[in-house]
Amino acid sequence: MSDTAGAPADQRIYVDKQSPKAYHALVQTADAVRATAAEAGLDRVLVELVNLRVSQLNGCAYCLDVHTRAALRAGETTRRLGVLAAWRDTELFTDRERAALALAEATTFPSDSLAQERAYDSAHRSLSDEEISAVIWVAITINAFNRVSILSKHPVRENPAAL
């Protein structure tokens, strides 16, 4: 069975390939956000923790694969990565990291106004305004990439040399 565009109904269109100008704009946004995060003083490990937590919440296997490898290259430990989904229940994350993770979750689920207020309160105790803004932009951007990969069904393939 085919859809109206002629593609088999069980195949997904890679929206990044189908609309390269739009995808390129998203990549440019990610580059600007990465620079903003660095200028705000966010280290790469913290940025990757935010990318990973948002990707966990959204269930994006492709982005989890990409950002797990990036976090490891940035110096993150497998122990902390292994418990990231339960970050509230460990002592392995700093107050600053906790504030960023809560803010990333609130950005991913903005309709939860109580969680959003708590996240902002925590963020203001541990992060500067520039850092708060950068964390929110990192979360917004990875949310967009998650949707591209999820809706395109980007595959995660075995690649032993990937790290």
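The lining of the largest pocket in this predicted model divides into 14 nonpolar residues, five polar ones and five charged ones. The space that lies in this largest pocket comes to about 450 Å³. Of the 24 residues that line the largest pocket, those closest to its centre are Tyr-23, Ala-30, His-67, Ile-142 and Phe-145. Two or more lining residues are given to the largest pocket by each of helix H2 (20–40), helix H3 (44–58), helix H4 (61–73) and helix H8 (129–152).

The second largest pocket holds about 160 Å³ of space, and its lining is made up of Trp-87, Arg-88, Ala-102, Glu-105, Ala-106, Phe-109, Asp-112, Ala-115, Arg-118 and Ala-119. Here the elements that give two or more residues to the lining are helix H6 (95–108) and helix H7 (113–126). By residue class, the lining of the second largest pocket divides into six nonpolar residues and four charged ones, with no polar residue.

From the pockets we can turn to a single residue and its surroundings. Ser-149 lies in helix H8, which is also among the elements that give two or more residues to the lining of the largest pocket. The relative accessible area of Ser-149 is 6%, and because buried means under 20%, Ser-149 is classed as buried. If its neighbours within four places in sequence are left aside, Ser-149 is in contact with Cys-60, Tyr-62, Cys-63 and His-154.

Two of these contacts of Ser-149 are cysteines, Cys-60 and Cys-63, and this raises the matter of covalent links between sulfur atoms. A disulfide is a covalent bond between the sulfur atoms of two cysteines. How many disulfides does the structure hold? The structure holds zero of them, and the reason can be followed for this pair of cysteines in particular. The closest cysteine sulfur to that of Cys-60 is in Cys-63, at 3.3 Å, which is too far for a bond, because a disulfide calls for a pair of cysteine sulfur atoms within 2.5 Å. Taken from the other side, the sulfur of Cys-63 has its closest cysteine sulfur in Cys-60, and the separation of 3.3 Å is again too far for a bond.

The two cysteines can also be placed by their accessibility. Cys-60 has a relative accessibility of 1% and therefore counts as buried, while Cys-63, at 4% relative accessibility, counts as buried as well. Ser-149, buried at 6%, is thus in contact with Cys-60 and Cys-63, whose sulfur atoms lie 3.3 Å apart without a bond between them.

Notes. Residues numbered from 1 in each chain as written. Predicted model: local features only at pLDDT ≥ 70, side-chain atom pairs only at ≥ 80, totals over all residues. Heavy atoms only, no water. 1 Å grid on protein atoms, 1.4 Å probe; cavity = no way out; pocket = protein on both sides within 12 Å on 5 of 7 lines; lining within 4 Å. Points joined across faces, edges and corners; volume = space filled by probe spheres on them. Helix = DSSP H or I, 4+ residues; strand = E, 2+ residues; numbered from the N terminus. Nonpolar A, V, L, I, M, F, W, Y, C, P; charged D, E, K, R; others polar. Buried < 20%, exposed > 50% of the residue type's maximum accessible area, 1.4 Å probe, protein only. Contact = heavy atoms within 4.5 Å.
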